[in-house]
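This report looks at how strands are paired and covered in one protein chain. Please keep the sequence and the coordinates at hand while reading.

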Amino acid sequence: MAMTGQHTLEAALARVFEGRMIDRASWFALTGGETLFHAGDPSDALYLVRTGRLGVFRHEPGQPSQLIGVVRAGEPVGEMAMLAGAPHTASVVALRDSEILAMPRDAFFEAARSEPDLMVELSRLMIQRARERRLGATEPSVFGFVSARQRPIRAFVERVAAAVQAMGFSCGIIDHSALSSAKEWFSRVEDSHDYVLYVAESDEPTWAALCARQVDRLFVVGDPRLSPPPTTPRRAGPDDAHRRPDLILLRDARMAKPSNTRVWLEALDPARWFHCVDDVAEDAVRIARLVSGTAVGVVFSGGAARAYAHIGVVQALREARVPFDFVGGASMGAVIAAGPALGWSDDELDCRIRKAFVESDPLSDLAFPIVAMTRAKKVERLLQDAYGEVGIEDMPLPFFCVSSNLTSGHIKIHRRGLLREAMRASISIPGVMPPVVMDGQVLVDGAVLKNFPTDVMRQLNAGPIVGSDVSQARGVDPASLHNPSWVRWILSGAWKKGPPIVSILMRSATLVTDAELDGSRAMTDLLILPMPENMDIRDWKSYDGPVEAGYAAAVAAVSTLGGPVHLMRRQRRFSDVVRPETDAETATESPRPPA
């Protein structure tokens, strides 16, 4: 039988590292979190992972390190820079305790002359890795679930594993019985399963610490009714942002709404947090989508009254059974996005938006324009009525909105704090509504700097992104710029929209460059472009038309897909999600360590 490309490469590398050049190769160990090389370091060797697992990280100025690839046992790393004779373009860090072989560059080229397959297979590997990283297909596959509550979490983890298996993937669970197993056993288990879940209960601190060193991502599972523990395990990584765990607050079904989240966030400072209910199947399925890289993030652009179109998008996506796992937006898009994140039904979302924006003329409290055209007191009352004292951290689904920080010149991402205050900042169009001062910073409409924040969603979610963008829809009606008499303007009721200058200010504040818009849209996996017709940007009374336009655009976009939205970015190693029955049967058993 002919060897596959991967096996050919492994065999050739084994002959290079273990053949006549064995004296030129060196062996060393990396502890979890230790760096093999940094971006910019010279590429003077080729490395081979014997045991363990390495993470490839890209660093962007002002952003946390981003995991762009995972290198497993038997795979090389640093090959592209070594062959090119150029500095490394990314940093490589041990995700767990690992053993590494290193071959100096000149010794590798000398040995490669007698291995004609080696250079061909290395080239194929580099092309494959570049393709996978571009598609987001090199995501974590080993996850840890560490309990920070009194009740066991094993049953919850088993429900997550069963949901992963129901998607067609193989998934194994490793518990404390593997504590004395050799490193090679862990590698074999990971190689034989698509996903592996480690589980540690609260009375297993030694095993929990080992889990944190073995996994790609770590979930701390807590009870919102209890106080968080004084310390929790941290995983390996290049910086604190990557070492931070994710938090799952698993509450009893008798606890109707999430609460007490802020206490846990202050204690753990997690990277992300999720609310689940014990014994609720859909919540376990939602975590399974996180594990399998199939969680769906939905993003809505700003667009003032045109953003009503997003309501139709929500309706169409729900009809198509598209899951909402993360939700976010800018400006009026954030207002719509908050509905699904709060668990509002289609009818409740429709009713609340009609009441707050269609029936109430939100910008009708005109003011002498010293800071803005309106006082925004009416908007604040409407936001108070809609959201009350709800904290973003206590919303059932992960939610974010963005505002523009005039003090720093950067966007502000709101993921904590009072929802109504974050909304007030996100919709504060300069010149139309007064800015918001928060923590000594002056905040205005998020659409000024980031009207379609798909990049923010990508930082939170590795799965598919569905985006609805109305930023290119017609915004200012030229007919509205004719100057009628003041009397006619007041008697007609047009004053409730604000003077025509409001349209000009709103449109000017939310214009984006083609390059920025193209970049934001390119990050989506499903792009929806509603086009509300004959609608001024400040026409808050025109509701049904844009909603229908959004619904039609979403139905058309979904109809072009060949399968479910959440499977659009399937992880590598899977040529097809549907596996033979024999694979599915063997996947349901948890791996057992050697006796």
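In this predicted model, strand β16 is covered on both faces, since Phe326, Gly328 and Ala330 on one side and Val327 and Gly329 on the other are all buried. Counted along the strand, which spans residues 326-330, 5 of its 5 residues are buried, where buried means a relative accessible area under 20%.

The pairings of β16 add to this picture. Strand β15, residues 297-300, runs parallel to β16 and pairs with it over 4 bridges, and within this pairing phenylalanine 300 stands opposite glycine 329 of β16. Helix α11, residues 309-319, joins β15 and β16 in a right-handed β-α-β unit. Strand β17, residues 399-405, also pairs with β16 in the parallel sense, over 4 bridges, and here glycine 328 of β16 stands opposite phenylalanine 400 of β17.

A further part of the model is an open sheet of 4 strands, with the order β2-β7-β4-β5 and antiparallel pairing. Its edge strands are β2 (35-37) and β5 (66-72), each of which pairs on one side only, and the twist from one strand to the next averages 30°. Within this sheet, β4, residues 53-58, pairs with β5, and arginine 53 has arginine 72 of β5 as its bridge partner.

The strand pairs described above are set out here.

| Strand pair | Sense | Bridges |
|---|---|---|
| β15 and β16 | parallel | 4 bridges |
| β16 and β17 | parallel | 4 bridges |
| β4 and β5 | antiparallel | 6 bridges |

In general, strands of a sheet pair through backbone hydrogen bonds, in either a parallel or an antiparallel sense.

Technical notes: Residues numbered from 1 in each chain as written. Predicted model: local features only at pLDDT ≥ 70, side-chain atom pairs only at ≥ 80, totals over all residues. Heavy atoms only, no water. Pairing = 2+ DSSP bridges. Helix = DSSP H or I, 4+ residues; strand = E, 2+ residues; numbered from the N terminus. Axes fitted to C-alpha atoms, helices over the stretch in contact; angles between N-to-C directions. Buried < 20%, exposed > 50% of the residue type's maximum accessible area, 1.4 Å probe, protein only. Right-handed = clockwise from strand over helix to strand, strands pointing away.
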